[in-house]
Amino acid sequence: MGGIAGSLIRWALSVAFDQSRAGTLAANLIGVALAGFFLVLMERHGTDALRHLLLPGFCGGLTTFSAFAFQTVEGAGGFFYFLETLFLSLLVVAVIIPVSRRAVPERA
Amino acid sequence: MKALYVIIGAGIGAPTRYVLDLYLRKFLKYPYGITLINVLGSFILGLSIGSSDNFHAFIGLGFTGAFTTWSTFILDLYLAFELKQYKSAALNLLLSLIVGIGAVWVGIQLV
């Protein structure tokens, strides 16, 4: 269920940006940010059904590797898109996880 | 109508990824399950290029889009780095990107 919702939003983003690279980039970055936060939530509070729906479901469906790989190969400027996606994703995760760990209180 | 194809494809792709990753994690010390899934999904997407609009919605946007994942890949990289498993992180990064992008290309060439 989470995977379906995530995929539909990814599709909507690619339509909204009217350019598939920008849509995929937006979906992947939003997905990485959310996934980082949910991961910290699971570290602190354990795993339950809702968090399963959110992390491997929604974030997994929202983000995609295959479209990224295809858009890197297809058309001009692929190498820049490749570096842009990778660099921004790593930057997002390196910021979100430490910040989330501070924001979400540890439970005894 | 296109939305329905995306829904069906994603409805198959996401659970398949989850079950396959869970199964592979039993055998692998490092999370290379997602690496394999991403390579496989990229190859399938490459094969589907040039097909009809609805089939592309089903396979490209739905199935391989949900089957492969970017968020887990990035989280795996970050966590391996945090655990100081630099070798495993570097291997995952290089394998995923080189073989994954190569797989799409091979898929496109085959059809």
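Me: Let's say two residues are in contact if their C-beta atoms, placed from the backbone, lie within 7 Å. Which residues does A:Ser20 touch, not counting those up to four places away in sequence?

Reply: A quick heads-up: this is a predicted model, where local features need pLDDT of at least 70 and side-chain atom pairs count only at pLDDT 80 or more, while totals for chains, interfaces and linings use all residues. Residues are numbered from 1 along each chain as its sequence is written, and chains are lettered from A and ligands numbered from 1 in the order in which they are written. A:Ser20 sits in helix α2 (residues 20–45) of chain A; helices are DSSP runs (H or I, at least four residues) numbered from the N terminus. Leaving out residues up to four places away, A:Ser20 touches A:Ser14 and A:Gln71.

Me: Is A:Ser20 buried, partly exposed or exposed?

Reply: Buried takes 20 or more other C-beta atoms (placed from the backbone) within 10 Å of a residue's own, exposed takes 12 or fewer, and partly exposed is in between. A:Ser20 has 17 such neighbours, so it counts as partly exposed.

Me: And where is B:Lys84, the non-glycine with a positive phi?

Reply: Its phi is about 65 degrees. B:Lys84 is exposed, because just 9 other C-beta atoms lie within 10 Å. Its place is in chain B, in the loop between α4 (71–82) and α5 (86–110).

Me: How far does α5(A) reach from its first C-alpha to its last?

Reply: The helix has 26 residues. Its expected span is 1.5 Å times one less than the number of residues, which gives 38 Å here. The model comes close to that, at 37 Å.

Me: Which helices are among those covering the buried residues of α5(A)?

Reply: The buried ones are A:Thr85, A:Ser89, A:Val92, A:Val93, A:Ile96 and A:Ile97. A:Val93, for one, is in contact with A:Val32 and B:Ile74, among others beyond four places in sequence. The cover includes α2 and α4 of chain A, plus α4 of chain B.

Me: Which element gives the most to the largest nonpolar core?

Reply: A nonpolar core is a set of buried Ala, Val, Leu, Ile, Met, Phe, Trp, Tyr and Cys residues joined through C-beta atoms within 7 Å. The largest has 53 residues, and A:Val32, A:Val93 and B:Ile74 touch the most other members. With 9 residues, the top contributor is α2(A).

Me: Which element gives the largest share of the side of chain A that touches chain B?

Reply: In total, 32 residues of chain A are in contact with 33 of chain B. With 7 residues on that side of chain A, it's α4(A).

How values were computed:
Helix = DSSP H or I, 4+ residues; strand = E, 2+ residues; numbered from the N terminus.
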